[in-house]
Each structure stands twice: as C-alpha cells, then as structure tokens.
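Reader: Please give me a close look at one part of this model, starting with the strand pairing in its centre of interest and following the contacts outwards from there. I would like one connected account, with the cut-offs stated where they matter.

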Amino acid sequence: MRQTDPMVIGGMNVGCVASYFGGKNILITGSTGFLGKVLVEKILRVQPGVRKVFLLVRATNDESARHRIQTEVTRREIFQVLREKYGNGFGDFIQEKVCPLAGDVICEDFGLDTAKLKELSKNMDIIVNGAATTNFYERYDVAFDTNVLGAKHMYAFANKCIKLKMLLHISTAYVSGEQEGLILEKPFIMGDTLRAGTHLDVESELNLIKHTKMELNANCATERAERKTMKELGLKRARHFGWPNTYVFTKAMGEMLLGHLEGDLPVVIVRPSIITSILKDPLPGWIEGVRTIDSVILGYTKQALKFFLVDPDAIMDVVSLHPHIQNFNIMDVVSLHTHKSYHYFEFGQIPGDMVVNSMMVAMAAHTEEKVQTVYHLTSSVSNPTSYTTLQESGHRYFKDNPPRGENGEPIRLNNMRFFSTVVRLRAYIVIKYKFPLEVLHLVNVLLCGLFSRRYNELNGKYRLAMHLIELYAPYTLFKGRFDDMNLEKLRKAMESNRDGGEYCFDFDLRRIDWDDYFYRVHFPGVLKYLA
C-alpha cells in the first residue's frame with residue numbers, strides 16, 4: 001500500500017469537517033478507554049446528524065454491551081455538555097445515535113453472527129480502531145491477539161464494507177523503540193525490525209505462541225506458571241527484534257499487517273505519544289484513569305513517591321512507570337508484587353481533545369484516498385518542553401494550592417529526588433534498600449527464620465523495583481524526537497481553508513503554553529478527577 005503526501009488535501013473548512021460526519025455510520029473500538037470517550041462525545045456534539053455510532057465492546061450479548069456503554073461511557077463527566085444540551089432527552093438521543101455491539105476484535109468477524117455482520121458491512125462508512133492492550137509486560141498471547149490479530153480482523157472487516165470511506169487505526173509513537181534523533185512519519189514494511197541482522201515473520205510469531213502454549217498444556221503447567229512464561233516470552237521476542245517491551249512490539253506488528261494485507265483501502269494511522277487531560281472542550285482538565293504522569297503527581301501530593309528516574313533536561317514526550325510506584329517504598333508495608341495484573345502508564349503533553357481533533361480532520365482530509373498515511377501526534381518538535389517545566393509548574397502549583405491533611409492544615413511537600421541515569425538510581429536503591437534488606441536476611445537466619453515472611457515480602461518488592469527500572473528506563477530517558485511534518489501539513493491545509501467562526505478542531509500544539517497548561521488545567525484536573 002503506497003503512502004500519500006498529506007500536502008495533497010482537498011479544500012476544507014471547519015464546517016466541512018463537522019458536516020463530513022453527517023449521515024455517516026461509524027464503527028469505533030476501544031470506546032471505553034479515555035481517548036475513545038473523547039472521540040464519541042466529540043462526534044455526537046459537533047455532528048448530531050451522524051447516522052449511527054456503533055461501539056464494539058466485550059460483552060456476552062447486546063444488552064450487557066449496552067449496560068457497559070451506559071456505565072463506562074455515556075454516564076461519565078465528559079458528556080455533561082451534551083447532557084445539559086438535551087436535558088431529559090439525553091437518553092433518547094444516545095439511544096437513537098449510539099448502537100452497542102457485543103463482540104471482540106480478537107475474533108474473526110468480531111464474533112458477530114452472519115446477519116449482523118452483513119448488515120454492518122453493507123452500511124459502514126468509517127471505522128476507528130482504538131482497541132488495544134497497553135500493558136508493557138502483557139502476556140505475549142494476549143497482546144498478540146488484540147494488537148496484531150485485532151488489526152488483521154479489523155482490516156478484513158473493512159474489506160467487506162462496500163461503502164467504506166476511511167479506516168483510522170490508533171497506534172503509538174513508541175513503535176519507534178529506542179531510536180534517537182529525529183523519528184520520521186513512515187509506515188512499517190512487513191519484516192521490518194529495529195535490530196540489524198534480524199527479520200520478523202508475524203506468522204512465525206503466532207506459531208511460536210501456539211507451540212509454547214501447547215507445551216505448557218502438555219506439561220500441566222499451572223495458571224501462574226503459564227502467565228509468567230507467556231509474559232517472559234513476549235519480552236524476550238520484543239527485545240530480540242529491538243523493541244523494549246511487548247506492547248510496542250505488537251503494535252508495530254499490527255501496523256505491518258495493515259500495510260501488507262490485500263486490499264485497497266483508505267487507511268490513516270495515527271501515532272500519539274501520550275494523551276493527557278483535555279485542554280479546552282468539552283471539559284478542561286478532564287482525564288480518566290491513572291495511566292500517565294498523573295500517578296507521579298498523585299504520589300508526590302501524598303508524599304509516597306520519594307524518587308523518580310528521569311532526565312530533567314530531556315524533551316517530554318514520554319515517561320513510563322508502574323502506577324503502583326506512587327506507593328513505592330521498599331521498607332513500606334504496601335505490597336507491589338501481590339497484584340494479579342499490572343497496569344502501566346506513559347506520559348507526554350498531548351491533550352486528549354487535540355488528539356481527537358486531529359483524528360477527525362485527518363479522516364475528512366483523506367476520505368476515500370486508497371493509500372496509507374501516518375501521522376505523529378506529538379509535540380517534541382513543534383513545541384518541545386522539558387521535565388524541568390513540569391517540575392517547576394508543579395512546585396509553584398502546590399505551593400499556591402497545598403494539599404491539606406485530615407485536620408485541614410496545609411501539608412508541606414518535600415522535594416522529589418530525580419536520577420538521570422539507571423546506574424545512579426540502582427546505586428541509590430542498593431545503598432538505601434538492598435543493604436538493610438541483607439541485614440534483615442542475616443538477622444532472620446540468626447533467629448531461625450523469625451522474619452522470613454517479612455524478608456520475602458520486602459525482597460519481592462526489591463526485585464520488582466529493579467525489574468521496573470529495566471523495563472521503563474528506555475522511556476523515562478527517551479532521546480528521540482518525533483517528526484510531525486505530515487501533521488503540520490494537515491494543520492496548514494486546515495487553517496488556510498477556515499471561514500471564520502470558532503475553531504472547534506484545533507490541534508495546533510505550537511500555541512500551547514505548557515507551563516500554563518500544567519498549572520491552570522492539568523494539575524487541577526488530576527486532583528479533581530483522579531485523586
């Protein structure tokens with residue numbers, strides 16, 4: 001599939017983008033996630049004349065799917081503007097426009113029956129594939145099913161849609177791995193890897209997963225052993241080909257399939273860095289899910305996070321961490337290693353509403369163009385800022401708005417300690433935590449195992465901490481900068497065709513004052529919606 005030049009874009013204005021979605025049937029996956037909710041709300045708000053918005057969610061039947069959409073999507077705060085607009089008629093409006101579908105992207109045809117599949121394929125105009133597992137240390141089979149086979153199944157369905165005008169696939173900028181310097185907006189070619197001398201065969205990876213699971217079943221492996229083996233396999237394969245973790249590795253393979261599978265579809269791939277709270281509309285500061293730098297902010301306000309691995313002078317497009325590190329203290333009683341699953345997060349300064357605005361403009365711009373276009377939705381080139389800006393904004397904000405204790409008195413926050421290299425952080429942890437741990441081990445031996453339980457608990461935390469440092473250092477110390485030339489061309493084409501009035505599809509990252517955004521919008525939003 002060839003790649004288009006986004007400079008070749010038909011004349012558009014603000015009204016054209018909104019009207020583009022009028023009368024359209026749109027299928028969206030991943031609607032229960034943060035970005036999915038922002039997208040669904042935006043479409044319904046700016047274009048109430050949309051025909052139907054189909055939301056594919058995991059559920060046993062359509063009724064349970066409807067319940068999920070109601071509880072996890074349309075009842076959330078972000079829909080308050082629409083709720084106020086329609087008043088008592090809000091429920092009827094949602095019922096008329098939103099159609100929940102019980103299905104799963106990991107299944108061929110999403111597990112839908114033939115009649116429903118035929119009806120959908122006959123009438124679908126736009127597909128937005130946002131379904132993904134973003135766990136960095138996910139089981140290889142689980143990540144492969146959703147991020148690779150999910151993309152394959154979505155493309156296969158798109159090929160059946162006779163009226164299809166656009167397939168937009170949400171990926172991540174970090175499919176680039178640990179590359180340094182300027183990272184271009186270019187598609188992957190099947191077989192591409194990030195390590196010289198290796199060649200990636202997606203089918204072989206699938207067979208490896210099947211073979212490994214067959215061996216585990218033959219050896220009667222426990223569920224815990226199987227989970228551990230599949231997690232380690234994903235990480236091993238990712239690093240073999242040059243990617244730092246299972247998440248970005250499988251997302252890269254998903255992109256490869258979109259460019260390799262047979263068909264001549266209009267495809268746009270968007271690669272956001274990290275999506276943060278809404279800047280402007282409909283609800284400034286709104287964010288959902290503690291999955292970004294917000295865990296660090298919350299950990300700091302609770303004085304539970306003592307240190308952080310980051311280069312203060314590095315350009316901010318990502319910080320990756322484990323959310324439970326907000327409670328991390330090796331000698332604390334908070335257990336990290338007893339959780340059944342880990343939910344990871346990253347950070348970058350791309351407000352959610354701007355991501356959605358750029359997606360909607362891109363869909364209108366490239367409608368029915370039977371080519372593949374890649375967009376980096378990032379700010380590291382157009383409007384870079386460093387972690388120092390975040391640190392200084394936070395210090396000023398919490399000095400002016402100190403958190404308060406149970407007695408109502410303001411709490412004085414101690415400064416967080418930053419480490420700019422893994423070596424320094426490892427040395428700090430060894431001195432502060434490992435040495436006392438070894439003393440505890442010696443005492444435990446002398447007292448015939450009296451402190452065995454406590455030692456095992458703390459040793460587990462220590463090992464987990466060291467594992468997390470290794471897993472996330474490539475992101476906290478990321479040295480790449482994402483080229484956004486395609487996005488800039490799209491912005492210029494959009495702005496040159498504006499016809500006045502309020503610009504409700506703004507995605508000009510150059511206009512953002514990051515210090516003001518953090519202080520006035522993001523920090524208050526985190527404390528309001530996540531604390």
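Author: Strands β7 and β11 run parallel and are joined by six bridges, where two strands count as paired if DSSP finds at least two bridges between them. The model is a predicted one, in which local features need pLDDT of at least 70 and side-chain atom pairs count only at pLDDT 80 or more, whereas totals for chains, interfaces and linings use all residues. Residues are numbered from 1 along each chain as its sequence is written, and side-chain values use heavy atoms, with hydrogens and water left out. Helices (H or I, at least four residues) and strands (E, at least two) are DSSP runs numbered from the N terminus.

Within the β7 to β11 pairing, V270 has Y375 of β11 as its bridge partner. V270 also stands opposite I170, on the side of β7 where strand β5 (residues 166-170) pairs with β7 (residues 267-272) in the parallel sense over four bridges. Another position along β5 and β7 is that of L168, which faces V268.

Burial along β7 is extensive: six of its six residues are buried, a word that here means under 20% relative accessible area, with over 50% called exposed and the range in between partly exposed (1.4 Å probe, protein chains only). In a regular strand the side chains alternate between the two faces of the sheet. For β7 both faces are covered, with V267, I269 and R271 buried on one side and V268, V270 and P272 buried on the other.

These strands belong to an open sheet of seven strands in the order β3-β2-β1-β4-β5-β7-β11, with parallel pairing. Its edges are β3 (98-102) and β11 (372-377), each of which pairs on one side only, and from one strand to the next the twist averages 20°. Helix α3 (residues 62-74) packs on the sheet, touching β2 (52-57) and β3, and its direction makes about 125° with that of β3; such angles run from 0 to 180 degrees between N-to-C directions, the axes being lines fitted to C-alpha atoms, for helices over the stretch in contact. Helix α5 (residues 90-97) also lies across β2 and β3, running at about 55° to β3.

Moving on to the helices, α7 and helix α8 (residues 202-218) pack at an angle of about 150°, with their axes 10 Å apart. The residues that meet are Y140, D141, F144, V148 and L149 in α7 and V202, E205, L206, I209 and K213 in α8, contact being taken as heavy atoms within 4.5 Å.

Y140 also leads to the aromatic pairs, of which a search of the whole structure finds 20. The rings of Y140 and F249 have their centres 6.1 Å apart and their planes at 20°, so this pair is stacked; rings of Phe, Tyr and Trp (its six-membered ring) pair if their centres lie within 6.5 Å, with planes under 30 degrees apart counted as stacked, over 60 as edge-to-face and the rest as tilted. Because Y140 lies in helix α7 (residues 140-160) and F249 in helix α10 (residues 246-260), the pair ties together parts that are 109 residues apart in sequence. Y140 is buried, with a relative accessible area of 0%, and F249 is likewise buried at 0%.

A tilted pair is formed by Y517 and F518, so classed because their ring centres are 5.6 Å apart and their planes are at 50°. Both Y517 and F518 are buried, and they belong to a cluster in which ring pairs link Y397, F398, W514, Y517, F518, Y519 and F523.

L233, found in helix α9 (residues 223-240), gives a further view of the surroundings of Y140. Apart from residues up to four places away in sequence, L233 touches Y140, L208 and T212. L233 counts as buried at 12% relative accessibility, and its C-alpha atom is separated by 7.8 Å from that of R139, which is 94 residues away along the chain.

A last position to examine is S358, placed in helix α12 (residues 352-365) and counted as buried at 3% relative accessibility. Leaving aside neighbours within four places in sequence, S358 is in contact with L377, L487, L490 and F507.
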